[in-house]
Amino acid sequence: MPLNRSTAGQTGGAAPVRIVHLGLGAFHRAHQAWYTQRAETDPANPAWGIAAFTGRTPTAADELAPQDGLYTLVERSADGDSYELMTPIVEARPASDLRRLGELLVRADTSLVTLTITEAGYHLTADLDLDASHEDVAHDLARLPDAGEGREAPELRTAAARLVYGLSRRIDALGESAGIAVVSCDNMADNATAARRAVLGTARAVDPDLAERLDATVSWVGTSVDRITPATTDELRDLVAGETGYADAAPVVAEPFRSWILSGEFPAGRPNWERAGAQFVERIEPFERRKLWLLNGSHSLMAYAGRIAGHETVAQAIADPQILERVESLWDEAARHLTEPGLDVPAYRRALLERFRNPRIEHRLAQIGTDGAGKLRVRALPIYRAERAAGRDGSAAARVIAAWIAWLGTQDPESIRDSAAADIRAALAEREPVRALLNILHPDLGQDEHLVSIVVADRERA
C-alpha cells in the first residue's frame, strides 16, 4: 500500500507550516522532527508543521513529496524494533525551490529555521570567515545583488545565500515583527556562531546594511544534538513494508537514545520541545564539547582506524580491543577539560559504550568518515591543543588525526569524499604529504613537529 495521508488515516489534515528546515536528511527526520511530533499537546490538531528543503541533492524531496511528507521511524534497540509513523513534515521541497522558501519566510507565523547542512555546508574558513573563494559561495555572491523584490528567484547553491534571500524578504515584508530564530543543529562547536558568520558574511559581501538588519532580526540559537542515525537501505525499506504494510520510500532507523540541548531566544515562539526531553540551558558550550569530543571524536577515530583494521561498523570497531583502548585514551584526555557541573562525563562514557555496542544499529564507518577535514578541526584538534597547553603530549587526540592521514594513504585519491577533496589530493602529491595534510586542518599546523612525529609514526605502522 502506498504511504500518504489518506492511506495512513490522517483525516485531520496537515499542520500549518511554522518551521522551515534546510538539510532534509535522515538525522533531521529522526531528531528535530521526532522532538516536534512529541512536543504537540494535541496530536489530533498539530500546530507545528515543518517545510523541509533538501541539501545537495533533491532525492529526499522526491521520495517524501509523494508520501505527503510521511515516513516511518524505526527505533532499533538490542532487543528489537519499534515503528512510528512520523507526521511533522508537511512539505518536502528541493533546495532549488527558492520561490517557496521566500513565500514561507515572509509569513509572520513562520517562527524558526532549523539547519542540518553539515560542517562543510557553512563554507567557513578555519577562522570562521566566509570562504568567498569557494566556487559555490562565489557563484551565489555574483547572483544575490540581482535578487531584488519582484525579480525571479535566482539559482543559489549555499544554505547561507538562500537564507539571506529569504530573510531579507521577511524583513521587508514584516518590519519590526520579523524576528525569527535560526537554530543550527549541526555537529560542530559553537554552531550558532557558524550559522551567524556564514549568513552575515554572505549578506555583508552583498550589502553591509543588510547584514546589520539581519543580525538585528535573527536570534542565533546554538544546540548540541545527538542520535545515531544510520543510512537508509533497501533492506530497511523491505522490512518496513513487511511490518507496516506501507511501501515507504524514505524510512529512517535510529537508536533509542536521543539528546537535544539548546541555548538562545525564540522571538516568534517554538514548540514545547521540553515535553519530549529537550533541555534549555544558559551556556551550550560545555555540552557541545562533551558531545563533539567524546561521541564524535571517537566516531572519527573508529571511522579511520577501524576501516584500516578491516571493520565496517561502529559495533565491530568498538569490539576490537586495540581500538577500544585508543577510544578510552582519547576520552581520558578529553575528560580533563570537561569539568563543568552537570556534564557527568563518567556516566556519559558508559552510555556511549552501550550505544556503540548495540549490534542492531549498523552505523557504517564509511558514512561517519566523510568530510574528515572539517570534522577533525572540531573533534580532535581542540583536545590536542588543550593537552599541549596543559604541558602534556596530547598523543591520543593526535592519533585521531593520524588515523585520518593513514587512512587517506590507503585510498585512491579520486575516490575521497570530502569537501576539501581537491586540497587533499594536492597534499597527497606533495613531497611531505603529512605536513601538507595537517595544514588543511589549520594553517601552519604542519610546522608542529611534535604532532608531525606522532602522525608519521602512526602512518608507518598502518
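**Entry 1: Glu91 and its partners**

I began with Glu91, which counts as buried at 14% relative accessibility. The model I am reading is a predicted one. I placed Glu91 in the buried class because its value falls under 20%. I next asked which residue Glu91 meets in a salt bridge. The partner is Arg93, with 3.0 Å from N to O between the two side chains. I looked up Arg93 as well and found it partly exposed, at 24% relative accessibility. I then followed the charged residues outward and noted a network of salt bridges that links Glu91, Arg93, Asp97, Arg99, Arg100 and Glu103. As a general point, I recorded that side chains of opposite charge can pair when their charged atoms come close.

**Entry 2: Other salt bridges**

I looked up the total for the structure and obtained 36 salt bridges. Among them I examined the one in which the side chains of Glu135 and Arg157 meet, at 3.8 Å from N to O. I located Glu135 in helix H5 (residues 135–143) and Arg157 in the loop between H5 and helix H6 (159–174), so this pair ties together parts that lie 22 residues apart in sequence. For Glu135 I noted a relative accessible area of 60%, which makes this residue exposed. Arg157, at 34% relative accessibility, counts as partly exposed.

I also examined Arg364, which forms a salt bridge with Glu362. I recorded 3.1 Å between their closest N and O atoms. Arg364 is partly exposed, with a relative accessible area of 33%. I found Glu362 to be partly exposed too, its relative accessible area being 46%.

**Entry 3: Strand S7**

I turned to strand S7 (residues 180–184) and asked how many of its residues are buried. I noted that 5 of the 5 are buried, so the strand is largely enclosed by the rest of the structure. I then checked the two faces of S7 and found both covered. Ile180, Val182 and Ser184 are buried on one side, and Ala181 and Val183 are buried on the other.

Which strands pair with S7? Strand S6 (residues 112–115) runs parallel to S7 and is joined to it by 4 bridges. Within this pairing I noted that Leu112 stands opposite Ala181. Strand S8 (residues 218–226) also pairs with S7 in the parallel sense, over 4 bridges. There I recorded Trp220 in S8 as the bridge partner of Val182.

**Entry 4: Glu255**

I asked where Glu255 is placed. I found this residue in the loop between strand S9 (252–254) and strand S10 (259–263). Is Glu255 buried or exposed? With 3% relative accessibility, Glu255 counts as buried. I then listed its contacts, leaving out residues up to four places away in sequence. Glu255 touches Glu75, Arg76, Arg227, Ile228, Arg355 and Ile361.

**Entry 5: Glu285**

I closed with Glu285, which I located in helix H10 (residues 285–308). Glu285 is partly exposed, and I noted a relative accessible area of 30% for this residue. I also looked up the separation between Glu285 and Ile261, which are 24 residues apart along the chain. Their C-alpha atoms are separated by 10 Å.

Notes: Residues are numbered from 1 along each chain as its sequence is written. This is a predicted model: local features need pLDDT of at least 70, side-chain atom pairs count only at pLDDT 80 or more; totals for chains, interfaces and linings use all residues. Side-chain values use heavy atoms; hydrogens and water are left out. Buried means under 20% relative accessible area, exposed over 50%, partly exposed in between (1.4 Å probe, protein chains only). Contact means heavy atoms within 4.5 Å. A salt bridge is a side-chain nitrogen of Lys or Arg within 4 Å of a carboxyl oxygen of Asp or Glu. Two strands pair if DSSP finds at least two bridges between them.
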